[in-house]
Amino acid sequence: MSDHLETASKSETELKNQSDGMHLIVESTYQLSTLKQHIEQSCLAEKCKFLEDCDKIDEICQRFLNLLKEEELNLDEITNIFVAACMCYYIQATTENIDWRSQFLQKAFQYVDTLSPMHLHVASKRLWEALKTDGIEFVFNLLCLSHRISIASETGRAIAICLIWAILCEITENTIEMYSFHEFHDLVKMLNEIDESMLQMEDNLRIVYILIQCIGFLINTIVFGDNESFKKAGYRNYFSYTKRDLDKLKHYLERLNSQLSIRVGQADNHYDLRMTK
């Protein structure tokens, strides 16, 4: 699997420069102690002894990158590497160490090339549970990470899609039995389960923002994305849609936009709710 380190599908510059402004609202909720505790309790404990006496995130990223080059990691180990890379992206985050943090995030998700349903479930579930914190802030972190890992590799994009669907399940209070793709028509079905009056409450503006970001991500991925590899892997039904599906989604978004515009206008405020481009 380490051969994938030499055949990156996207350049590091592209990953580093990819920005949709979401980093401006993401809060850093992960600490070095959280990372160390996670690794100590994982199957990587013996291979990551360097964490015991290493406290600078750029050095830690370098050591993890060396691990990726030198070791043949199994699925359990690489999914914990995914968690480490995502946590490291937010720990001691500065412009001086962005190169190391971005490179580790990119290389981690390029290490393995798999679209196996069970592998995607295990990886997505582990990321969700490890990155989840009290409050809604962790969702912003997941949104940002989903954008970044989706351009790192096909595996990263697949995991990002699973995480976005998980966020929608969380908002609509649908039980997550398996972290996986959903058929496109499920999107409108989930949206119709949301109490629209709840979305109009000022305290829930962040939920509205998250909702719009998730919808935009799925539209860009499923409608406008190059999904041939997913279709060839047996996921054709999850990356297909009908004109009726699009019309229903358009109708929902127009109605939501109208309701939000009325409420914002009455409050004499100005909000720019944009889909992810």
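Colleague: Let me start with one residue. Is Leu75 buried, partly exposed or exposed?

Modeller: Leu75 is partly exposed, because its relative accessible area is 29%, and the middle class runs between 20% and 50%. Keep in mind that we are looking at a predicted model. As for its place, Leu75 belongs to helix α4.

Colleague: Which residue can I compare with Leu75 across the chain, and how far apart are their C-alpha atoms?

Modeller: Try Val112. Along the chain, Leu75 and Val112 are 37 residues apart, yet 8.6 Å separates their C-alpha atoms. Both residues also appear in the lining of the largest cavity.

Colleague: That brings me to cavities. How do I read one?

Modeller: The general idea is that a probe the size of a water molecule, rolled over the atoms, shows where empty space is left. In this structure, the count is 1 cavity of 30 Å³ or more. The largest cavity holds about 40 Å³ of space.

Colleague: Which residues line the largest cavity?

Modeller: Among them are Leu75, Thr79 and Phe82, along with Val112, His119, Leu120 and Ile159. Three helices, α4, α6 (117-131) and α8, each give at least two residues to this lining. Sorted by class, the lining has 6 nonpolar residues, 4 polar residues and no charged ones.

Colleague: Let's stay with α8. How does its span match what is expected?

Modeller: The two values agree: the 18 residues of α8 should span 26 Å at 1.5 Å a residue, and the end C-alpha atoms are 26 Å apart. Helix α8 is also largely enclosed by the rest of the structure, because 15 of its 18 residues are buried.

Colleague: Can we do the same reading for α5? What is its reach, and which of its residues are buried?

Modeller: Helix α5 covers residues 98-110, which is 13 residues. From first C-alpha to last, α5 reaches 18 Å, close to the expected 18 Å. Its buried residues include Arg101, Phe104, Leu105, Lys107 and Phe109. Notice that Arg101 and Lys107, which count as charged, are on that buried list.

Colleague: Now for charged pairs. How do I read a salt bridge?

Modeller: Side chains of opposite charge can pair when their charged atoms come close. Searching the whole structure gives 11 salt bridges. One of them links Glu154 to Arg157, with the closest N and O atoms 3.3 Å apart.

Colleague: Why are Glu154 and Arg157 separated by about one helical turn?

Modeller: Start with the general picture: an α-helix has 3.6 residues a turn, so residues three or four places apart point the same way. Here, Glu154 and Arg157 are about one helical turn apart because they sit 3 residues apart in helix α8. The two partners fall in separate exposure classes: Glu154 is partly exposed at 29% relative accessibility, whereas Arg157 is buried at 11%.

Colleague: Which residues are joined into one network by salt bridges that share partners?

Modeller: Arg157 is buried, but the network lies elsewhere: Glu46, Lys49 and Glu52 are joined by salt bridges with shared partners. Glu46 and Lys49 meet at 3.7 Å, N to O, and Glu52 meets Lys49 at 3.6 Å. For exposure, Glu46 is exposed at 62% and Glu52 is exposed at 58%, while Lys49 is partly exposed at 40%.

Colleague: What should I look for in the backbone angle phi?

Modeller: Most residues other than glycine have a negative phi. A positive value is therefore worth a look, given that general pattern. Gln92 has a phi near 50 degrees, and Gln92 sits in the loop between α4 (75-88) and α5. With 38% relative accessibility, Gln92 is partly exposed.

Colleague: Which residue with a positive phi follows α8?

Modeller: That is Glu173, with phi near 60 degrees. Glu173 lies in the loop between α8 (154-171) and α9 (185-192), and Glu173 is exposed, with a relative accessible area of 72%.

Colleague: One last topic, the database record. Where does UniProt place the "transmembrane region"?

Modeller: The unreviewed UniProt entry places that feature at residues 207-225. In the model, residues 207-225 are 89% helix and 0% strand, and the end C-alpha atoms of this span lie 25 Å apart. So read the label with care, because such annotations may be inferred rather than shown by experiment.

Conventions
Residues numbered from 1 in each chain as written. Predicted model: local features only at pLDDT ≥ 70, side-chain atom pairs only at ≥ 80, totals over all residues. Heavy atoms only, no water. Helix = DSSP H or I, 4+ residues; strand = E, 2+ residues; numbered from the N terminus. Expected span 1.5 Å × (residues − 1). Buried < 20%, exposed > 50% of the residue type's maximum accessible area, 1.4 Å probe, protein only. 1 Å grid on protein atoms, 1.4 Å probe; cavity = no way out; pocket = protein on both sides within 12 Å on 5 of 7 lines; lining within 4 Å. Points joined across faces, edges and corners; volume = space filled by probe spheres on them. Salt bridge = Lys/Arg side-chain N within 4 Å of Asp/Glu carboxyl O.
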